[in-house]
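Biologist: Hi! Could you pull up the model so we can walk through it together?

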Amino acid sequence: MVEVYAKNEKLREVVKLVAVVGYIDVKKSSDREEIFEIEKMHKLFKNYNLHGQVQWIVAQTNRARNGELYRYIADTRGPAEIFEHGISGFHIDPYHPDQAASLLVDFFLQAKEDIRAQKMALVLQEGPLQTSRDFSSR
């Protein structure tokens with residue numbers, strides 16, 4: 001996901017990314033695959049200047065437990081039961097990162113527009129009341 005984020009300028013303009021990871025220091029890991037991924041993350045940060053745009057949160061350092069957590073969710077509530085594509089989440093194909101980034105950009109832009117519309121509706125609803133109170137007190 002960090003690579004998808006790093007390579008898509010529009011996504012980086014729209015949102016910041018929080019990556020919940022195990023270790024971020026290769027010296028703390030003894031797993032070759034994890035070390036490879038940590039090094040890859042550091043390269044992405046350097047090559048795409050992600051400092052200040054992506055925040056790493058070290059949350060779960062037990063890789064076996066991470067895998068089991070995913071399996072538990074998938075076994076007890078399959079992805080189709082967890083969310084509905086386009087409504088409460090997205091089915092993202094990791095083999096089509098441009099498509100994933102486009103879905104996310106569209107989602108966040110729509111969310112910003114929805115928030116603006118809600119704020120405008122509140123201003124239109126509350127504005128006349130505030131104005132009449134201000135003038136009537138004088």
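Modeller: One definition to start with: helices here are DSSP runs of H or I with at least four residues, strands are runs of E with at least two, and both are numbered from the N terminus. Also keep in mind that this is a predicted model.

Biologist: Good, so what does the secondary structure of the protein come to?

Modeller: There are six helices and two strands. Reading from the N terminus, the order is α-α-β-α-β-α-α-α.

Biologist: Let's use that numbering right away. Which residue meets Glu113 in a salt bridge?

Modeller: Arg116 does, with an N to O distance of 3.4 Å between the side chains. The two are three residues apart in helix 6, so about one helical turn separates them.

Biologist: And is Arg116 buried or exposed?

Modeller: Arg116 counts as exposed, at 52% relative accessibility. Its partner Glu113 is partly exposed, with a relative accessible area of 42%.

Biologist: How many salt bridges does a search of the whole structure find?

Modeller: Five. One of them pairs Lys40 with Glu3, where the closest N and O atoms are 3.1 Å apart. Lys40 sits in helix 3 and Glu3 in helix 1, so this pair ties together parts that are 37 residues apart in sequence.

Biologist: Nice. Buried or exposed, those two?

Modeller: Neither, by our cut-offs: Lys40 counts as partly exposed at 31% relative accessibility, and Glu3 counts as partly exposed at 28%.

Biologist: Where do Glu13 and Lys10 lie?

Modeller: Both are in helix 2, three residues apart, about one turn of the helix. Their side chains form a salt bridge with an N to O distance of 3.8 Å. Glu13 is exposed, with a relative accessible area of 57%, while Lys10 is partly exposed at 40%.

Biologist: Staying in helix 2, what about Arg12? Buried or exposed?

Modeller: Buried, because its relative accessible area is 13% and the cut-off for buried is under 20%.

Biologist: Which side chain does Arg12 join in a polar contact?

Modeller: That of Gln53, at 2.8 Å. Setting aside neighbours within four places in sequence, Arg12 is in contact with Tyr5, Ala6, Tyr48, Asn49, Leu50 and Gln53.

Biologist: Asn49 caught my eye on that list. What is its phi?

Modeller: Positive, at about 50°, although Asn49 is not a glycine. Asn49 is in the loop between helix 3 and strand 2, and at 53% relative accessibility it counts as exposed.

Biologist: Let's go inside. How many residues has the largest nonpolar core?

Modeller: The largest nonpolar core has 20 residues, and the ones with the most contacts inside it are Val2, Tyr5, Leu11, Ala19, Met41, Leu50 and Val54. Elements giving two or more residues to this core are helix 1, helix 2, strand 1, helix 3, strand 2 and helix 6. Helix 1 provides the largest share, four residues.

Biologist: And what is Met41 in contact with?

Modeller: Leaving out neighbours within four places in sequence, Met41 is in contact with Val2, Ala19, Val21 and Trp56.

Biologist: Now the outside. Which residues make a nonpolar surface patch?

Modeller: Val18, Val20 and Ile57 make one of about 250 Å². Val20 belongs to strand 1 and counts as exposed, at 59% relative accessibility.

Biologist: What about Tyr23, where is its place?

Modeller: Tyr23 is in the loop between strand 1 and helix 3. With a relative accessible area of 25%, Tyr23 is partly exposed. Apart from neighbours within four places in sequence, its contacts are Lys28, Ser29, Glu34, Ile38 and Thr61. Take Ile38: the two are 15 residues apart in sequence and 7.4 Å apart in space, C-alpha to C-alpha.

Biologist: Last topic, whole-protein totals. What have you got?

Modeller: Of the 138 residues, 21% count as buried. The accessible surface comes to about 10,800 Å², with 55% of it belonging to carbon and sulfur atoms. Among contacts with a separation of 6 or more, residues 24 or more positions apart account for 55%.

Notes
Residues are numbered from 1 along each chain as its sequence is written. This is a predicted model: local features need pLDDT of at least 70, side-chain atom pairs count only at pLDDT 80 or more; totals for chains, interfaces and linings use all residues. Side-chain values use heavy atoms; hydrogens and water are left out. Buried means under 20% relative accessible area, exposed over 50%, partly exposed in between (1.4 Å probe, protein chains only). A polar contact is a pair of N or O atoms within 3.5 Å; within protein, one must be able to donate a hydrogen and the other to accept it, and residues adjacent in sequence count only if both atoms are side-chain atoms. Contact means heavy atoms within 4.5 Å. A nonpolar core is a set of buried Ala, Val, Leu, Ile, Met, Phe, Trp, Tyr and Cys residues joined through side-chain atoms within 4.5 Å. Patches are made of residues with over 30% relative accessible area and no salt bridge: like charges are joined within 9 Å, nonpolar side chains (Val, Leu, Ile, Met, Phe, Trp, Tyr) within 5 Å. Accessible areas come from the Shrake-Rupley method with a 1.4 Å probe; for residues, only the protein chains shown count as cover. A salt bridge is a side-chain nitrogen of Lys or Arg within 4 Å of a carboxyl oxygen of Asp or Glu.
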